[in-house]
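Visitor: I've got a model open on the screen and I'd like to talk it through. Can you walk me around it?

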Amino acid sequence: MLMVQQAIVNAAREGARSGAIQLDGAQALATAQATATDYLTRSGMDMTRTSVNPIFTSISGTQAVDVTVSYSYPSMLVAWLPGVGSTIPLRSRVVMRQEA
């Protein structure tokens, strides 16, 4: 599970970084999405359990790219507990200011 979490963190970071250097708004989000998705795919992640959501936000009045990567980690460790599902939600969020 730690390797999966690390891949999610890295994908969010790479997506935010690639989107932050784009000057065009629509291109920034598309680039962030593509970069994070590509990182996850190359890491061998099950993309049916993954979502990548880039949006714009503001940091002290400066536009920034905010990338959230979510993954539903299948786990047999907690499935036997009453009221607990068979997946563990993992998430990483990275925000980077856009360069002008």
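Guide: Sure, here come a few questions and answers about one helix and one serine, bearing in mind that this model is predicted.

Visitor: How far does helix H2 reach from its first C-alpha to its last?
Guide: H2 covers residues 25-42, which makes 18 residues. At 1.5 Å a residue you'd expect 26 Å, and the model comes close to that. The reach is 26 Å.

Visitor: Where do the buried residues of H2 sit, seen down its axis?
Guide: The buried ones are Ala28, Thr31, Ala32, Ala36 and Leu40. They fall within an arc of 160°, so they line one face of the helix. An α-helix has 3.6 residues a turn, so residues three or four places apart point the same way. On the other side of H2 you'll find Ala26 and Arg42 exposed, and the buried set is on one face.

Visitor: Which elements help cover those buried residues of H2?
Guide: Two strands and a helix are included in the cover. They are strand E1 (50-59), strand E2 (62-74) and helix H1 (2-20).

Visitor: Which residue has a side-chain oxygen reaching a backbone nitrogen at the start of H2?
Guide: The nitrogen belongs to glutamine 27, and the oxygen comes to within 3.0 Å of it. That oxygen is from aspartate 24.

Visitor: Is serine 92 buried or exposed?
Guide: Serine 92 lies in strand E3. Further along the sequence than four places, its contacts include Gln5, Ile8 and Val67. Its relative accessible area is 7%, and the cut-off is under 20%, so serine 92 is buried.

Technical notes: Residues are numbered from 1 along each chain as its sequence is written. This is a predicted model: local features need pLDDT of at least 70, side-chain atom pairs count only at pLDDT 80 or more; totals for chains, interfaces and linings use all residues. Side-chain values use heavy atoms; hydrogens and water are left out. Helices (H or I, at least four residues) and strands (E, at least two) are DSSP runs, numbered from the N terminus. The expected span of a helix is 1.5 Å times one less than its number of residues. Buried means under 20% relative accessible area, exposed over 50%, partly exposed in between (1.4 Å probe, protein chains only). The arc is that of the directions from the helix axis to the C-beta atoms. Contact means heavy atoms within 4.5 Å. A polar contact is a pair of N or O atoms within 3.5 Å; within protein, one must be able to donate a hydrogen and the other to accept it, and residues adjacent in sequence count only if both atoms are side-chain atoms.
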